[in-house]
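Before reading on, please take a moment to look over the model and its sequence together. The report that follows moves from one buried residue to the packing of helices, and then to loops.

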Amino acid sequence: MNNPANTVPERLLSRTGAIAIIVGIVIGAGIFKTPSMVAGITGDIGWMMSVWIIGSVISMAGALCYAELATTYPHAGGDYHFLFKAYGKNASFLYGWAKATVINTGSIALLAFVFGDYMSKVLPLGEYSAVIWALLIVIGLTLVNLIGIHASANVQTILTVLEVAGLLAIIVAGFGLLGAPLPAVEHAAFFSSTPPLGLLGLAMVFVLLTFGGWNESAYISAEVKGGSKTVVYVIVFSLLLITIVYLLVNWALISGLGMQQLASSKAAPADLLGLAFGPIGEKLLGLFVAVAALTSINATMIVGARTNFAMGEDWYGLRFMGRWEAKRGSPSLAYIVQGIICVALVCFGALQSDGFEAMVEFTAPVFWSFLFLVGVSVFILRFKHPHTKREFSVPLYPLTPLIFCASCAYLAYSSFAYAHSKGAVTISLYVMLVGVIALLFLRAKKAAQ
């Protein structure tokens, strides 16, 4: 991999900034929506909390796999680079294409719609308010990231603190520590009923989607101060922090609302804050959800542009994206390309009946399929490079990566089935077909030189 600008990422990112980026990606708008869905599916406190704990264990298994890969092969390209090492240039290009056109940009567009929906309640901008807000935030955060990694990390840290403060407000309200006294709630015994295995699997899908995003830690592995030990610490600490917050939020909602009301609520956190703090509590929740979406958008932009940068290093026809601005500590042109694609996807989503749902159907099947391949690469790279020094080795090998791979395979299947039921699975597949055509074009262009 040759960098045309002869500059490479430097270790400028602090431990706090790295943790803020990971926590910001993972703790998004999902935690404000999925607890009621999981409660409705499981119907039992014991099974509900167990599903969240199991989701945490599976996510930690994946995080440990990524810790080994990120410390052994640190690179701003993250899992794009891992796939390059494991499967070769063609497979890594298709993943990079998927990240640039479907996975990261689709996630950014999805979150932009969430932000737009909630900001429109605070400050409506007319008939197309949600779309206008979505476009404004995509453009605005792209400009912030063009300033450089320090600006990106500082904004990320502030947003993450605000986001966690919102979740703490839910926890405090649920346990009756502040606000008006909550009505008494009776709770059935743990594991008093057992849902069918298929429903537990569906609940796990939503839980793991809520935990999704920790894998993006690989993209900052080459930029964290302190090297490999710090990278492992950042990954593990971030996921432990996220797990604690998620479990507390769920238990607070159960304590404050009870399983029945939680399961039937369309906006459980808003209901809880409304009981504790009145109408102002419900309005504050809208602000918290908007901040959560902002946090995830900014963090996803940071790591997404680094995939574009890595592709620019590897492919002559894309070299304009492979320029690293040393003073800013960021790939500026890669950010611009990402921003343009995000704007296009927001416009596409605006033409659908539900922009948020359209982006979920668009991104999930491709995301989990490639994440499965990354999990398999742990085995392939150990086989191909048995004598490579590993600063960190995934514990309980091969059990840990096997758990991760099985989970990814199941979620890939579930995501394809969900998208197929909505008649939307062909959209992302067509985009990937265009990626194959682009790959053939770049190879032909290279051969003609």
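Which residues does Asn250 touch, not counting residues up to four places away in sequence? Asn250 touches Ile31, Pro35, Met48, Met49 and Trp52, where contact means heavy atoms within 4.5 Å. Asn250 has its place in helix α9, which covers residues 228-264, and it is buried, with a relative accessible area of 0%. Here buried means under 20% relative accessible area, exposed means over 50%, and partly exposed lies in between, computed with a 1.4 Å probe on protein chains only.

This is a predicted model, in which local features need pLDDT of at least 70 and side-chain atom pairs count only at pLDDT 80 or more, while totals for chains, interfaces and linings use all residues. Residues are numbered from 1 along each chain as its sequence is written, and side-chain values use heavy atoms, with hydrogens and water left out.

**The chain as a whole**

The chain has 15 helices and zero strands; these elements are DSSP runs numbered from the N terminus, with helices being H or I runs of at least four residues and strands being E runs of at least two. Of the 449 residues of the chain, 57% count as buried. Among the contacts in the chain with a separation of 6 or more, 82% are between residues 24 or more positions apart.

**Two pairs of packed helices**

Two packed helices are described by the angle between their axes and the distance between the axes. The axes are lines fitted to C-alpha atoms, for helices over the stretch in contact, and the angles run from 0 to 180 degrees between N-to-C directions.

| Helix pair | Angle between axes | Axis distance |
|---|---|---|
| α2 (residues 34-42) and α3 (residues 45-72) | about 125 degrees | 9 Å |
| α5 (residues 89-122) and α12 (residues 332-350) | roughly 60 degrees | within 9 Å |

For the pair in the first row, the angle of about 125 degrees makes α2 oblique to α3. Angles under 35 degrees count as roughly parallel, those over 145 as roughly antiparallel, those from 65 to 115 as roughly perpendicular, and the rest as oblique. α2 passes α3 in a right-handed crossing; a crossing is right-handed if the near helix is turned clockwise from the far one by less than a right angle, and left-handed if anticlockwise. On the α2 side the contact is made by Thr34, Pro35, Val38, Ala39 and Thr42, and on the α3 side by Trp47, Met48, Val51 and Trp52. These contact residues divide into seven nonpolar, two polar and no charged, where Ala, Val, Leu, Ile, Met, Phe, Trp, Tyr, Cys and Pro count as nonpolar, Asp, Glu, Lys and Arg as charged, and the others, Gly among them, as polar. Pro35, Met48 and Trp52, which belong to this contact, are also among the residues that Asn250 touches.

In the second pair, α5 and α12 are oblique to each other, and their crossing is right-handed. Residues of α5, including Ala100, Thr105 and Phe113, meet residues of α12, including Gln338, Leu345 and Ala350. The residues of this contact divide into 10 nonpolar, five polar and no charged.

**Two helices checked for length**

The expected span of a helix is 1.5 Å times one less than its number of residues. For the 12 residues of helix α1 (residues 15-26) this gives 16 Å, which agrees with the 17 Å between its end C-alpha atoms. α1 is mostly covered, with 10 of its 12 residues buried. For the 23 residues of helix α14 (residues 399-421) the expected span is 33 Å, and its end C-alpha atoms are 33 Å apart, which agrees. Among the buried residues of α14 are Thr400, Phe404, Leu411 and Ala419.

**Loops**

Most residues other than glycine have a negative phi, and most peptide bonds are trans. In the loop between α13 and α14 lies Leu396, whose phi is near 55 degrees, a positive value in a residue other than glycine. At 64% relative accessibility, Leu396 counts as exposed. Pro398 is found in the loop between α13 (355-384) and α14, and a cis peptide bond with omega of about 5 degrees joins Tyr397 and Pro398.

Met321 is found in the loop between α11 (279-314) and α12, and at 6% relative accessibility it counts as buried. Met321 touches Asn308, Phe309, Gly312, Leu333, Ala334 and Val337, not counting residues up to four places away in sequence. Met321 and Asn308 are 13 residues apart in sequence and 6.1 Å apart in space, C-alpha to C-alpha.
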